[in-house]
Amino acid sequence: MVTRASRQIEERTLPKPLEDIAADLFQEAAQEHKWLELGSGSIRKPLTVDEKFKAFEMLGFVPHGGQEPIARSEAQFRVVGGGRRGGKSTLAAYEALATAIMRPYSLGYAVGPTKELATRVFDVIWRTVDRVGISCRRKSHMLMLIELENHSIIRGKSADDADQLVGEGLDWVIIDEAAKILPFVWEEMLRPALSDRDGWALFIGTWEGYNWIYDLYQRAGSDELEGWASFRFASWENTYVFPGGFDDPKIQKAMRDTTTMDDFYEQYGAEPKRSQHVVLP
(Lines give C-alpha, C1' and ligand atoms only; values in the text may rest on other atoms or scores of the structure.)
Protein backbone atom coordinates (compact mmCIF):
# COMPACT_ATOMS: atom_id res chain seq x y z
CA MET A 1 0.00 0.00 0.00
CA VAL A 2 1.41 3.37 -1.01
CA THR A 3 0.65 6.03 1.55
CA ARG A 4 1.09 9.75 1.15
CA ALA A 5 4.11 9.67 3.48
CA SER A 6 5.80 6.83 1.59
CA ARG A 7 5.18 8.62 -1.72
CA GLN A 8 6.82 11.76 -0.32
CA ILE A 9 9.84 9.74 0.82
CA GLU A 10 10.05 8.08 -2.59
CA GLU A 11 9.88 11.46 -4.32
CA ARG A 12 12.67 12.80 -2.14
CA THR A 13 14.94 9.83 -2.85
CA LEU A 14 14.33 9.62 -6.59
CA PRO A 15 17.42 10.52 -8.63
CA LYS A 16 17.40 13.83 -10.45
CA PRO A 17 15.74 13.42 -13.89
CA LEU A 18 18.23 13.15 -16.75
CA GLU A 19 16.69 16.11 -18.53
CA ASP A 20 17.32 18.30 -15.45
CA ILE A 21 20.94 17.14 -15.28
CA ALA A 22 21.34 17.87 -18.97
CA ALA A 23 19.79 21.31 -18.49
CA ASP A 24 22.22 22.10 -15.66
CA LEU A 25 25.18 21.00 -17.74
CA PHE A 26 23.95 22.99 -20.71
CA GLN A 27 23.54 26.09 -18.55
CA GLU A 28 27.05 25.66 -17.14
CA ALA A 29 28.52 25.14 -20.62
CA ALA A 30 26.64 28.20 -21.90
CA GLN A 31 28.04 30.28 -19.04
CA GLU A 32 31.56 29.06 -19.79
CA HIS A 33 31.09 29.83 -23.49
CA LYS A 34 29.83 33.29 -22.55
CA TRP A 35 33.02 33.94 -20.57
CA LEU A 36 35.35 32.49 -23.18
CA GLU A 37 33.83 34.30 -26.14
CA LEU A 38 34.60 37.60 -24.43
CA GLY A 39 38.24 36.90 -25.27
CA SER A 40 40.92 39.45 -24.55
CA GLY A 41 38.32 42.05 -23.62
CA SER A 42 37.58 40.32 -20.32
CA ILE A 43 38.63 36.90 -19.16
CA ARG A 44 41.86 36.83 -21.20
CA LYS A 45 42.85 40.38 -20.31
CA PRO A 46 45.87 40.54 -17.99
CA LEU A 47 45.21 41.76 -14.49
CA THR A 48 45.74 45.44 -13.97
CA VAL A 49 47.92 46.46 -11.04
CA ASP A 50 44.82 47.75 -9.25
CA GLU A 51 43.02 44.43 -9.74
CA LYS A 52 46.02 42.48 -8.51
CA PHE A 53 46.49 44.56 -5.37
CA LYS A 54 42.75 44.44 -4.69
CA ALA A 55 43.05 40.64 -4.67
CA PHE A 56 46.18 40.86 -2.49
CA GLU A 57 44.26 42.99 0.02
CA MET A 58 41.43 40.48 0.12
CA LEU A 59 43.96 37.69 0.69
CA GLY A 60 45.81 39.62 3.39
CA PHE A 61 49.09 39.85 1.47
CA VAL A 62 51.34 42.90 1.55
CA PRO A 63 54.48 42.52 -0.63
CA HIS A 64 57.76 43.51 0.96
CA GLY A 65 60.11 45.99 -0.67
CA GLY A 66 61.81 43.42 -2.89
CA GLN A 67 58.54 41.85 -4.05
CA GLU A 68 56.56 45.01 -4.79
CA PRO A 69 58.32 46.10 -8.04
CA ILE A 70 57.78 42.59 -9.40
CA ALA A 71 54.09 42.62 -8.47
CA ARG A 72 53.64 46.07 -10.05
CA SER A 73 55.35 45.12 -13.30
CA GLU A 74 53.05 44.78 -16.30
CA ALA A 75 55.55 42.67 -18.26
CA GLN A 76 54.07 39.43 -19.61
CA PHE A 77 57.19 37.45 -18.72
CA ARG A 78 59.20 38.16 -15.56
CA VAL A 79 62.47 36.53 -14.52
CA VAL A 80 63.26 36.79 -10.81
CA GLY A 81 66.46 35.83 -9.04
CA GLY A 82 66.04 35.92 -5.30
CA GLY A 83 67.94 34.96 -2.18
CA ARG A 84 67.00 32.00 -0.02
CA ARG A 85 63.95 32.65 2.14
CA GLY A 86 63.42 35.91 0.31
CA GLY A 87 59.74 35.27 -0.45
CA LYS A 88 59.88 34.20 -4.10
CA SER A 89 57.42 31.31 -3.71
CA THR A 90 55.08 33.42 -1.58
CA LEU A 91 54.87 36.17 -4.18
CA ALA A 92 54.36 33.64 -6.97
CA ALA A 93 51.56 31.92 -5.07
CA TYR A 94 49.65 35.14 -4.48
CA GLU A 95 50.12 36.19 -8.11
CA ALA A 96 48.57 32.89 -9.22
CA LEU A 97 45.70 33.09 -6.75
CA ALA A 98 44.96 36.71 -7.68
CA THR A 99 44.57 35.70 -11.33
CA ALA A 100 42.43 32.70 -10.42
CA ILE A 101 40.10 34.89 -8.35
CA MET A 102 39.83 37.82 -10.74
CA ARG A 103 39.67 35.80 -13.99
CA PRO A 104 36.98 33.06 -13.95
CA TYR A 105 37.70 29.94 -16.02
CA SER A 106 41.44 30.65 -16.00
CA LEU A 107 43.92 27.78 -15.88
CA GLY A 108 47.50 27.85 -14.63
CA TYR A 109 50.38 25.61 -13.60
CA ALA A 110 52.86 25.95 -10.75
CA VAL A 111 55.79 23.95 -12.15
CA GLY A 112 58.80 22.68 -10.23
CA PRO A 113 61.75 20.53 -11.29
CA THR A 114 60.38 17.64 -9.18
CA LYS A 115 57.03 16.87 -7.61
CA GLU A 116 58.40 17.71 -4.18
CA LEU A 117 59.62 21.13 -5.33
CA ALA A 118 56.41 21.73 -7.30
CA THR A 119 54.47 21.58 -4.04
CA ARG A 120 56.23 24.65 -2.60
CA VAL A 121 54.22 27.26 -4.49
CA PHE A 122 51.16 25.01 -4.57
CA ASP A 123 51.25 24.56 -0.77
CA VAL A 124 51.26 28.33 -0.21
CA ILE A 125 48.20 28.59 -2.46
CA TRP A 126 46.53 25.67 -0.65
CA ARG A 127 47.12 27.18 2.81
CA THR A 128 45.90 30.60 1.66
CA VAL A 129 42.69 29.12 0.23
CA ASP A 130 42.07 27.42 3.59
CA ARG A 131 43.01 30.47 5.66
CA VAL A 132 40.81 32.90 3.74
CA GLY A 133 37.98 30.37 3.36
CA ILE A 134 37.76 30.50 -0.43
CA SER A 135 35.02 28.19 -1.68
CA CYS A 136 36.17 25.44 -4.06
CA ARG A 137 34.43 23.06 -6.45
CA ARG A 138 37.28 20.53 -6.28
CA LYS A 139 40.37 20.32 -4.11
CA SER A 140 42.94 17.51 -3.98
CA HIS A 141 46.40 17.83 -2.50
CA MET A 142 47.37 14.40 -3.82
CA LEU A 143 46.50 15.48 -7.38
CA MET A 144 47.83 19.00 -6.73
CA LEU A 145 44.58 20.48 -8.04
CA ILE A 146 42.36 23.32 -6.84
CA GLU A 147 39.24 24.42 -8.73
CA LEU A 148 37.55 27.54 -7.37
CA GLU A 149 33.81 28.13 -7.51
CA ASN A 150 34.37 30.46 -10.47
CA HIS A 151 35.84 27.47 -12.42
CA SER A 152 39.42 28.74 -12.29
CA ILE A 153 41.87 25.85 -11.95
CA ILE A 154 45.29 25.84 -10.30
CA ARG A 155 47.53 22.81 -10.76
CA GLY A 156 50.92 21.81 -9.44
CA LYS A 157 53.11 20.10 -12.04
CA SER A 158 56.51 18.43 -12.07
CA ALA A 159 58.99 18.92 -14.91
CA ASP A 160 60.27 15.38 -14.24
CA ASP A 161 57.72 14.13 -16.73
CA ALA A 162 57.63 16.91 -19.31
CA ASP A 163 55.06 15.11 -21.47
CA GLN A 164 52.37 15.80 -18.85
CA LEU A 165 52.82 19.53 -19.47
CA VAL A 166 51.57 19.25 -23.06
CA GLY A 167 47.98 19.65 -24.17
CA GLU A 168 46.21 22.41 -22.28
CA GLY A 169 46.09 26.10 -23.07
CA LEU A 170 47.30 28.10 -20.07
CA ASP A 171 46.57 31.57 -18.75
CA TRP A 172 49.66 31.59 -16.52
CA VAL A 173 52.61 29.49 -15.48
CA ILE A 174 55.04 29.75 -12.58
CA ILE A 175 58.41 28.04 -13.00
CA ASP A 176 59.96 27.51 -9.58
CA GLU A 177 63.70 26.79 -9.18
CA ALA A 178 64.00 27.57 -12.86
CA ALA A 179 67.76 26.99 -12.86
CA LYS A 180 67.15 23.30 -12.12
CA ILE A 181 64.80 22.87 -15.10
CA LEU A 182 66.09 22.17 -18.61
CA PRO A 183 65.35 25.00 -21.06
CA PHE A 184 63.38 22.76 -23.45
CA VAL A 185 60.65 22.45 -20.79
CA TRP A 186 59.96 26.16 -21.20
CA GLU A 187 60.65 26.44 -24.90
CA GLU A 188 58.83 23.33 -26.13
CA MET A 189 56.21 22.59 -23.46
CA LEU A 190 55.17 25.70 -21.53
CA ARG A 191 55.70 28.64 -23.88
CA PRO A 192 53.47 27.16 -26.63
CA ALA A 193 50.75 26.45 -24.04
CA LEU A 194 50.56 30.18 -23.24
CA SER A 195 50.33 31.28 -26.87
CA ASP A 196 46.62 31.06 -27.66
CA ARG A 197 45.59 32.68 -24.36
CA ASP A 198 48.45 35.19 -24.35
CA GLY A 199 49.24 34.03 -20.83
CA TRP A 200 51.92 35.27 -18.43
CA ALA A 201 54.92 33.49 -16.95
CA LEU A 202 56.94 34.06 -13.79
CA PHE A 203 60.37 32.44 -13.45
CA ILE A 204 61.66 32.30 -9.88
CA GLY A 205 64.69 30.74 -8.27
CA THR A 206 68.11 31.16 -6.74
CA TRP A 207 71.08 31.54 -9.06
CA GLU A 208 73.25 28.52 -9.79
CA GLY A 209 76.09 30.14 -11.67
CA TYR A 210 75.78 31.49 -15.20
CA ASN A 211 73.30 29.13 -16.84
CA TRP A 212 70.33 29.44 -19.22
CA ILE A 213 68.08 31.17 -16.70
CA TYR A 214 70.76 33.76 -15.99
CA ASP A 215 71.09 34.34 -19.75
CA LEU A 216 67.32 34.79 -19.93
CA TYR A 217 67.50 37.18 -16.98
CA GLN A 218 70.10 39.26 -18.82
CA ARG A 219 68.10 39.31 -22.04
CA ALA A 220 64.86 40.13 -20.19
CA GLY A 221 66.54 43.18 -18.68
CA SER A 222 67.58 44.52 -22.09
CA ASP A 223 65.55 45.75 -25.04
CA GLU A 224 66.15 42.46 -26.84
CA LEU A 225 62.95 40.77 -25.62
CA GLU A 226 59.72 42.74 -25.82
CA GLY A 227 57.29 42.15 -22.97
CA TRP A 228 59.98 40.79 -20.63
CA ALA A 229 61.41 42.16 -17.39
CA SER A 230 64.01 40.95 -14.90
CA PHE A 231 64.34 41.46 -11.15
CA ARG A 232 66.44 40.31 -8.24
CA PHE A 233 66.25 40.83 -4.50
CA ALA A 234 68.37 39.64 -1.59
CA SER A 235 67.14 37.45 1.25
CA TRP A 236 67.46 40.30 3.75
CA GLU A 237 64.95 42.42 1.81
CA ASN A 238 62.32 40.08 3.26
CA THR A 239 61.94 42.03 6.48
CA TYR A 240 59.09 39.75 7.57
CA VAL A 241 61.64 36.95 8.03
CA PHE A 242 64.77 39.07 8.58
CA PRO A 243 63.56 42.23 10.37
CA GLY A 244 67.12 43.44 10.85
CA GLY A 245 67.82 43.44 7.11
CA PHE A 246 71.45 42.66 6.23
CA ASP A 247 72.42 43.07 9.88
CA ASP A 248 69.82 40.55 11.03
CA PRO A 249 71.51 37.92 13.25
CA LYS A 250 70.21 35.10 11.04
CA ILE A 251 71.79 36.65 7.95
CA GLN A 252 75.06 37.31 9.74
CA LYS A 253 75.15 33.73 11.00
CA ALA A 254 74.46 32.41 7.47
CA MET A 255 77.36 34.52 6.17
CA ARG A 256 79.71 33.07 8.79
CA ASP A 257 78.56 29.52 8.06
CA THR A 258 78.82 29.72 4.26
CA THR A 259 82.05 28.33 2.78
CA THR A 260 82.92 31.28 0.51
CA MET A 261 81.65 34.82 0.09
CA ASP A 262 80.75 34.00 -3.53
CA ASP A 263 78.44 31.23 -2.31
CA PHE A 264 76.91 33.52 0.30
CA TYR A 265 76.19 36.34 -2.13
CA GLU A 266 74.81 33.95 -4.73
CA GLN A 267 72.51 32.11 -2.30
CA TYR A 268 71.49 35.04 -0.11
CA GLY A 269 72.45 38.20 -1.97
CA ALA A 270 70.92 37.12 -5.32
CA GLU A 271 74.17 37.98 -7.09
CA PRO A 272 75.00 35.34 -9.71
CA LYS A 273 78.55 34.00 -9.52
CA ARG A 274 80.25 31.58 -11.87
CA SER A 275 79.82 28.12 -10.40
CA GLN A 276 82.93 26.74 -8.76
CA HIS A 277 81.66 23.21 -9.33
CA VAL A 278 81.62 23.31 -13.14
CA VAL A 279 84.81 22.03 -14.77
CA LEU A 280 83.80 22.90 -18.33
CA PRO A 281 81.02 25.29 -19.44
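A cavity is a set of grid points where a 1.4 Å probe fits but cannot get out. In this predicted model, one cavity of 30 Å³ or more is counted. The largest cavity holds about 50 Å³ of space. Its lining is made up of Val80, Glu177, Ala178, Ala179, Ile204, Gly205, Thr206, Trp207 and Ile213. Sorted by class, this lining has six nonpolar residues, two polar ones and one charged one.

A wider view of the chain helps to place these residues. The protein chain contains ten helices and eight strands. Of its 281 residues, 48% count as buried. Among contacts with a separation of 6 or more, 69% are made by residues 24 or more positions apart. On the outside, the chain exposes about 15,000 Å², and carbon and sulfur atoms supply 52% of that area.

Turning to the interior, the largest nonpolar core has 41 residues. Those with the most contacts inside this core are Leu97, Val121, Ile125, Ile146, Ile154, Ile174 and Leu202. At least two residues of the core come from each of the helices α3 (49-59), α4 (68-72), α5 (88-102) and α6 (115-132), and likewise from each of the strands β4 (145-148), β6 (172-175), β7 (200-205) and β8 (228-233). Helix α5 gives the largest share, nine residues.

A second, separate core has 31 residues, including Ile181, Leu194, Ile213 and Trp228. Ile213 of this second core is also one of the residues that line the largest cavity.

Ile174 offers a closer look at the packing. Leaving aside residues up to four places away in sequence, Ile174 touches Ala92, Ala96, Tyr109, Ala110, Val111, Val121, Trp200, Leu202 and Ile204. Ile204, in turn, belongs to the cavity lining.

Terms used. Residues are numbered from 1 along each chain as its sequence is written. This is a predicted model: local features need pLDDT of at least 70, side-chain atom pairs count only at pLDDT 80 or more; totals for chains, interfaces and linings use all residues. Side-chain values use heavy atoms; hydrogens and water are left out. On a 1 Å grid over the protein atoms alone, a cavity is a set of points where a 1.4 Å probe fits but cannot get out, and a pocket is an open set with protein on both sides within 12 Å along at least five of seven lines; lining residues have an atom within 4 Å of a point. Grid points are joined across faces, edges and corners, and a volume is the space filled by probe spheres set on the points. Ala, Val, Leu, Ile, Met, Phe, Trp, Tyr, Cys and Pro count as nonpolar, Asp, Glu, Lys and Arg as charged, and the others, Gly among them, as polar. Helices (H or I, at least four residues) and strands (E, at least two) are DSSP runs, numbered from the N terminus. Buried means under 20% relative accessible area, exposed over 50%, partly exposed in between (1.4 Å probe, protein chains only). Contact means heavy atoms within 4.5 Å. Accessible areas come from the Shrake-Rupley method with a 1.4 Å probe; for residues, only the protein chains shown count as cover. A nonpolar core is a set of buried Ala, Val, Leu, Ile, Met, Phe, Trp, Tyr and Cys residues joined through side-chain atoms within 4.5 Å.
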